Every structure is written in C-alpha cells, then in structure tokens.
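Let's take a walk through a protein model and see what its atoms can tell us. Keep the sequence and the 3D view open as you read.

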Amino acid sequence: MSSRILLIEDNEQNRYLATFLLERHGYQVESAVDGAKGVQAAASHPPDIILLDIQLPQMDGHAVARALRELRALDATPIIAVTSYAMVGDREKSLAAGCDGYIEKPIDPDTFVDTIRDIVESVRSTRGRS
Ligand code: MN
C-alpha cells in the first residue's frame, strides 16, 4: 500500500512539481490550496504524511501546523514544513508549531523525495510506528 501525502501549498508550480516527484515515487498525493482546506482534508481523511508550505494566504503554515496538531488522528503523522531559504526564522517556528522537519524551497528535484523519506523514518523510529 502506498503512502498518502497531503500537500498544502498555494503555489501552483510548486504543487505541480511536488506532486510529479511524489507520484513518480509511488506516493498518492492529495493537495489543498490553503490552510483551512488543508486542515479540513486532514481531518476528514487522515493522510500518512503532511507537507506544509509555510507561506500561505490567510492562515500561515505555523497556524496550520498548530491546528493539525490538535487533531488526535494525526498524533503520529509526520508534518514536514516547506520553507523559503531566506526565511531563516521560519524553520524554528515551524518546529515549535509542531512540524517534524523542513525542506527548503526552491524544491530540489534530486533530493526532495529522499529528504521526505529521511524525516518520516526518523519520526517513525522515535514514535515507535512503522
Ligand atoms: Mn506559498
């Protein structure tokens, strides 16, 4: 069974690239274009992994992460922030808000999926899930 990833990302090009890379590696991808829709999607159909853009309109990624962490069904679900390289403080804030790791934008097609796998593996080993 392939892992289901919820991708919360407002930028169409980034959505397209991330979806392309993930599907090529066998992941099933559902996407949401803003934080509210992302939280709704996560609540109604809990994914295995969440990729969360931090720069989102209205509800920013940190607020979204906090809302996702309120959902019991997502207690063990890795949340990976996708942050701009320039926004240095974003990473620490993302971790404080409940994310498990981060990936820098722009998305590097050569390392994107491996980085996700590394973060997911470390989360699963520390939380005792497989
Ligand atoms: Mn964005």
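## First, a word on buried and exposed

Before we start, here is one bit of vocabulary: a residue is called buried under 20% relative accessible area, exposed over 50%, and partly exposed in between. Also keep in mind that this is a predicted model.

Let's try the words out on Asp 10. Its relative accessibility is 34%, so Asp 10 counts as partly exposed. Asp 53 comes out at 2%, which means that Asp 53 counts as buried. Both residues turn up again right away.

## The manganese site

Which protein atoms hold on to the manganese ion as donors? They come from Asp 10 (OD), Asp 53 (OD) and Gln 55 (O), and they lie 2.0 to 2.1 Å from the ion. Along the sequence, the spacing of these donor residues reads D-x42-D-x1-Q.

The two Asp residues link distant parts of the chain, as they are 43 residues apart. Asp 10 sits in the loop between β1 (4-8) and α1 (12-24), while Asp 53 belongs to strand β3.

## Salt bridges

Side chains of opposite charge can pair when their charged atoms come close. How many salt bridges does a search of the whole structure find? The search turns up seven.

Let's begin with a familiar residue. Asp 53 pairs with Lys 105, with 2.8 Å between the closest N and O atoms. This is another link between distant parts of the chain: Lys 105 is in strand β5, Asp 53 is in strand β3, and 52 residues separate them. Are these two partners buried or exposed? Lys 105 and Asp 53 are both buried. They also belong to a network of salt bridges that includes Glu 9.

Next up are Arg 91 and Glu 104, whose side chains meet in a salt bridge at 3.3 Å, N to O. Arg 91 lies in helix α4 (residues 88-96) and Glu 104 in strand β5, so this pair ties together parts that are 13 residues apart in sequence. Arg 91 has a relative accessibility of 11% and therefore counts as buried. Glu 104, at 34%, is partly exposed.

One more pair: Asp 34 and Lys 37 form a salt bridge, and their closest N and O atoms are 3.3 Å apart. Asp 34 is buried, with a relative accessible area of 12%, whereas Lys 37 is partly exposed at 44%.

## Two helices crossing

Two packed helices are described by the angle between their axes and the distance between the axes. For α1 and α5, the angle is about 70 degrees and the axes are 9 Å apart. That makes α1 roughly perpendicular to α5, because angles from 65 to 115 degrees count that way.

Which residues meet where these helices touch? From α1 come Ala 18, Leu 21 and Leu 22, and from α5 come Phe 112, Val 113 and Ile 116. The residues of this contact divide into six nonpolar, no polar and no charged.

## Ser 94 and Cys 99

Now look at Ser 94, which is found in helix α4. Is Ser 94 buried or exposed? Its relative accessibility is 0%, so Ser 94 counts as buried. Leaving aside residues up to four places away in sequence, Ser 94 touches Ile 54, His 62, Ala 81, Thr 83 and Cys 99.

Follow that last contact to Cys 99, in the loop between α4 and β5. With a relative accessible area of 6%, Cys 99 is buried. Again not counting residues up to four places away, Cys 99 touches Leu 52, Ala 65, Ile 79, Ala 81 and Ser 94. You can also compare Cys 99 with Leu 68: they are 31 residues apart in sequence and 9.6 Å apart in space, C-alpha to C-alpha.

## Two backbone details

Finally, check the backbone. The peptide bond from Lys 105 to Pro 106 is cis, with omega near 0 degrees. Pro 106 is in the loop between β5 (101-105) and α5 (112-127).

The other spot is Gln 58, in the loop between β3 (49-53) and α3 (61-69). Gln 58 has a phi near 60 degrees, which is a positive value in a residue other than glycine. At 77% relative accessibility, Gln 58 counts as exposed.

Definitions and conventions:
Residues are numbered from 1 along each chain as its sequence is written. This is a predicted model: local features need pLDDT of at least 70, side-chain atom pairs count only at pLDDT 80 or more; totals for chains, interfaces and linings use all residues. Side-chain values use heavy atoms; hydrogens and water are left out. Helices (H or I, at least four residues) and strands (E, at least two) are DSSP runs, numbered from the N terminus. Buried means under 20% relative accessible area, exposed over 50%, partly exposed in between (1.4 Å probe, protein chains only). Donors are N, O and S atoms within 2.8 Å of the metal (3.2 Å for Na, K and Ca); water is not among the atoms, so sites may look incomplete. Axes are lines fitted to C-alpha atoms, for helices over the stretch in contact, and angles run from 0 to 180 degrees between N-to-C directions. Angles under 35 degrees count as roughly parallel, over 145 as roughly antiparallel, 65 to 115 as roughly perpendicular and the rest as oblique. Contact means heavy atoms within 4.5 Å. Ala, Val, Leu, Ile, Met, Phe, Trp, Tyr, Cys and Pro count as nonpolar, Asp, Glu, Lys and Arg as charged, and the others, Gly among them, as polar. A salt bridge is a side-chain nitrogen of Lys or Arg within 4 Å of a carboxyl oxygen of Asp or Glu.
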